[in-house]
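Student: I should like a close look at one part of this protein, the first helix and what surrounds it. Would you please take me through it in one connected account?

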Amino acid sequence: DSINFELWRFLWLAFFGTVISFSWVVYQHQLYLMKSVFSGGFLGALPFILFGMMCIFCSYVWGYQARQRGTLSQITMLSQTVVVFSFLLTYLILIWFPGAFGPVDTNLSTIMLKGLGGVFVVGGVIVLAKTIPEREV
């Protein structure tokens, strides 16, 4: 089962990542930095960290299931659409939270060029999806 596999993989990665990070902090004699992070803004960032971890977990599960059901070319085409969504999400976040990413080039020509690139990616995915025969199940 892909969910069970990805859950254990994710838990092991989180566990060993935490152990290795904590060991490195202790080895470097910088435990005071870890204490200041936890007492500072860590709790405010925790919901965003948990949301990000949930998104990553879901993407692993969906990617694993896609590899079982689809062809490699179809999966590659769909994975390239993240470029389009990242530009859209960046500009939406900038509208709601100006300066969230620091200085971002927002002149009209840059936005139009990125939008045109997004249109080409989506168009390419649609055209290739129509030309590639579906795999028989």
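Tutor: A residue is called buried when its relative accessible area is under 20% and exposed when that area is over 50%, with partly exposed lying in between. With these cut-offs in hand, consider L7 in this predicted model. L7 has a relative accessible area of 36% and therefore counts as partly exposed. It belongs to helix α1, which spans residues 2–27. Its C-alpha atom is separated by 7.5 Å from that of F57, although the two residues are 50 apart along the chain.

L7 is also a member of a nonpolar patch on the surface. The other members are W8, L11, W12, F15, F16, V19 and I20, and together the eight residues named here present about 810 Å² of accessible area. I20 is likewise a residue of helix α1. Its relative accessibility is 58%, so I20 is classed as exposed, whereas L7, at 36%, is partly exposed.

Helix α1 also takes part in a pocket. The second largest pocket has a volume of about 370 Å³. The elements that each contribute two or more residues to its lining are α1, α2 and α3, the last of these covering residues 42–69. The lining consists of A14, T18, S21, F22, M34, V37, F38, F42, L46, I49 and M53. By class, 9 of these residues are nonpolar and 2 are polar, and no charged residue is present.

Beyond the helix comes the loop between α1 and α2, where H29 is found; α2 itself covers residues 31–39. The backbone of H29 deserves attention, since its phi angle is near 55 degrees, a positive value in a residue other than glycine. H29 has a relative accessible area of 68% and is therefore exposed.

Finally, the setting of this region in the whole protein may be stated briefly. The protein contains 6 helices and 0 strands, and the order of elements from the N terminus is α-α-α-α-α-α. Of its 137 residues, 11% are buried.

Technical notes
Residues numbered from 1 in each chain as written. Predicted model: local features only at pLDDT ≥ 70, side-chain atom pairs only at ≥ 80, totals over all residues. Heavy atoms only, no water. Patch = residues over 30% accessible without salt bridge, like charges linked within 9 Å, V, L, I, M, F, W, Y side chains within 5 Å. Areas by Shrake-Rupley, 256 points an atom, 1.4 Å probe, with all protein chains shown as cover. Salt bridge = Lys/Arg side-chain N within 4 Å of Asp/Glu carboxyl O. Helix = DSSP H or I, 4+ residues; strand = E, 2+ residues; numbered from the N terminus. Buried < 20%, exposed > 50% of the residue type's maximum accessible area, 1.4 Å probe, protein only. 1 Å grid on protein atoms, 1.4 Å probe; cavity = no way out; pocket = protein on both sides within 12 Å on 5 of 7 lines; lining within 4 Å. Points joined across faces, edges and corners; volume = space filled by probe spheres on them. Nonpolar A, V, L, I, M, F, W, Y, C, P; charged D, E, K, R; others polar.
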